[in-house]
Amino acid sequence: MEARIVCMFFEMNTTNLLFDKMPPKRLEIGKYGLVVSFVILLTCNRIGFVVSHEYANEVHTPQVQRTSYHFQPLKNWMNDPNGPMFYKGIYHFFYQHNPNGAVFNSKMVWAHSISYDLINWVHLNHALEPTDPFDINGCWSGSVSFLPENKPRILYTGIDSSSQQVQNLAIPANYSDPFLEKWRKFSQNPIIAPPDGLERNRFRDPTTAWQGPDGEWRVAIGGQTSYGGAAMLYRSEDFVRWHQFRFPLYSSQDSGTWECPDFYPVMLNGTNGIGFSSGFGVGVKYVMKASFNSSDHYTLGSYVPEKEKFTSDYGPGFDFKGINLGLRYDYGKFYASKTFYDSSQKRRILWGWVNESDSRQDDINKGWSGLQAIPRKIWLSKTGRQLIQWPVKEIKMLRRNHFSLHHKELRGRSTMEVLGGSASQVDVEVSFELPYLEEAESVDTRWGVLDPQVLCSKRDASVNGRVGPFGLLVLASNDLSEHTAIYFHILKAHNRYVVLMCSDQSRSSFRKEVDKTAHGAFVDIDPCYKKISLRTLVDHSIVESFGGKGKTCITSRVYPTLAVNNNARLYAFNNGTQTVVISSLKAWNMSNAEIK
Ligand code: DQQ
């Protein structure tokens with residue numbers, strides 16, 4: 001009886017309670033940036049990459065690996081971001097969640113959280129659960145679209161009672177509730193069944209819909225077609241009855257089943273975002289993103305709505321190859337991402353799921369698995385050749401204890417501790433100058449195209465080069481026996497300089513069973529300017545790095561055993577023979593986000 005009364009009370013007062021739960025709005029960014037002077041620990045010594053260590057008695061409990069300012073549910077499994085949006089002053093975030101365990105289970109729900117600032121979050125009740133014949137085996141990924149008069153609609157994939165993938169519609173129960181706590185599934189679901197000739201379990205993840213110049217809606221759905229992996233295109237007058245176009249919006253014979261396609265405009269000039277509602281025409285390019293082979297691939301091009309066709313700038317066959325040479329949002333762990341246009345700040349924001357690198361049993365022991373990368377603002381580079389990503393500016397509200405240094409030489413084969421203490425939660429921005437660029441070594445190009453992933457695996461951070469490897473050692477133990485290295489290595493290839501960026505996990509943990517594969521990519525900058533920058537966010541078991549001011553991003557998952565909490569340190573290092581100069585380094589400890 002008592003429990004019942006409590007439940008009724010919650011039902012009646014849920015909006016007030018939520019207001020209480022929501023953290024206060026924080027509008028001023030950077031006011032916590034008080035400069036505390038720090039002793040600079042400058043022990044320039046040889047890097048000792050000691051690999052053997054008596055750690056058997058020091059293995060830490062799994063919770064040491066839990067992050068403190070990245071978005072996670074309180075427990076259990078999370079994967080894809082779904083339907084992020086801004087509605088009546090509040091950011092909404094939905095995600096794929098197994099509420100019953102720390103491992104994937106097809107009976108996914110759409111979990112739902114809200115925030116004023118994209119950093120601090122309150123978890124709400126699930127928005128969608130598998131309860132009806134059209135989604136009884138799972139509410140899978142999808143998107144939110146806004147109908148006229150600011151009316152959000154969810155389009156999501158249901159796994160129906162015969163295990164086929166169908167597309168369903170859900171509508172807010174109460175538009176005046178800014179928290180959009182309750183969603184009603186449309187009575188005539190499913191609204192789109194798999195087309196004839198398509199495998200019924202390869203038809204999923206509708207994009208945000210857009211209106212063509214004729215006023216009709218378009219939506220793209222991922223899958224596998226006779227054209228290869230594809231974004232199948234549909235149109236509708238009323239958002240309920242949908243008709244398939246003969247050809248996909250875009251496809252690739254070289255890829256597997258496309259999951260979570262995303263399609264959106266970006267401005268040719270400036271960093272502002274744009275929505276489809278601003279019209280089609282000059283001044284924009286379009287991004288086509290598809291998730292397959294465990295990574296998010298994209299290409300840039302033009303879209304002619306009258307022809308219902310996206311055309312890649314790179315020509316068919318040069319994109320979506322599924323190998324390491326095409327454009328990717330992130331060359332580490334980052335999957336099933338989704339963007340949305342944040343009208344409140346005229347920016348486009350990217351969310352991406354970062355999975356674990358440990359075993360299923362580890363996840364069960366931890367009681368959770370998966371997190372979201374810090375939301376990133378995303379825009380087109382000045383060259384128009386790629387996208388740029390940068391953590392949303394709101395993340396700065398968590399910065400504490402500013403450390404900085406300027407114009408510091410980092411001689412060949414040396415390390416230098418920065419921040420001078422606990423570095424398990426850190427934001428660091430560093431800019432390197434390369435006075436001896438000409439000394440860069442040549443790389444053998446006889447075998448044709450260079451694969452950065454292979455180069456990073458062969459030349460890990462301990463291999464002495466000439467101009468590099470240099471960069472940061474994060475989540476490092478005192479004796480450096482454990483660390484993750486994020487570094488650059490400048491090479492000469494095909495008569496020019498190339499900038500290799502790597503994340504080397506080979507010494508990130510004494511645990512043998514975790515995946516320590518190196519991640520690598522090139523950074524599209526002209527090293528002749530003799531400068532390169534790196535920003536890295538560290539949060540216990542995640543390392544997110546942004547090279548060349550956000551041109552190349554690499555996210556890693558690592559599970560240190562010694563370099564945990566107060567025992568984690570941060571170093572700059574140079575393992576090349578040539579001196580590099582730290583022209584500027586700024587680092588902050590990060591406080592916890594409120595996620596409850
Ligand atoms: N995850 C969802 C699917 C999607 C996949 C299921 C991508 O809708 O294709 O949880 O990670």
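The following exchange asks how the cores and cavities of this predicted model are identified.

Trainee: What kind of model is this, and how are residues numbered?
Mentor: The model is predicted, so local features need pLDDT of at least 70 and side-chain atom pairs count only at pLDDT 80 or more, while totals for chains, interfaces and linings use all residues. Residues are numbered from 1 along each chain as its sequence is written, and side-chain values use heavy atoms, with hydrogens and water left out.

Trainee: What makes the set with Phe432 and Leu570 a nonpolar core?
Mentor: A nonpolar core is a set of buried Ala, Val, Leu, Ile, Met, Phe, Trp, Tyr and Cys residues joined through side-chain atoms within 4.5 Å, where buried means under 20% relative accessible area (1.4 Å probe, protein chains only). The largest such core has 42 residues, and Phe432 and Leu570 are among those with the most contacts inside it. Another core, of 40 residues, lies apart from it and includes Val287 and Ala593.

Trainee: Why is the space lined by Tyr69 and Trp351 called a cavity?
Mentor: On a 1 Å grid over the protein atoms alone, a cavity is a set of points where a 1.4 Å probe fits but cannot get out, and lining residues have an atom within 4 Å of a point. Tyr69 and Trp351 are among the residues lining the largest cavity, which holds about 40 Å³ of space.

Trainee: Which classes line the second largest cavity?
Mentor: Its lining has no nonpolar, four polar and three charged residues. Asp, Glu, Lys and Arg count as charged; Lys333, Asp515 and Arg557 are among the lining residues.

Notes: Buried < 20%, exposed > 50% of the residue type's maximum accessible area, 1.4 Å probe, protein only. 1 Å grid on protein atoms, 1.4 Å probe; cavity = no way out; pocket = protein on both sides within 12 Å on 5 of 7 lines; lining within 4 Å. Points joined across faces, edges and corners; volume = space filled by probe spheres on them.
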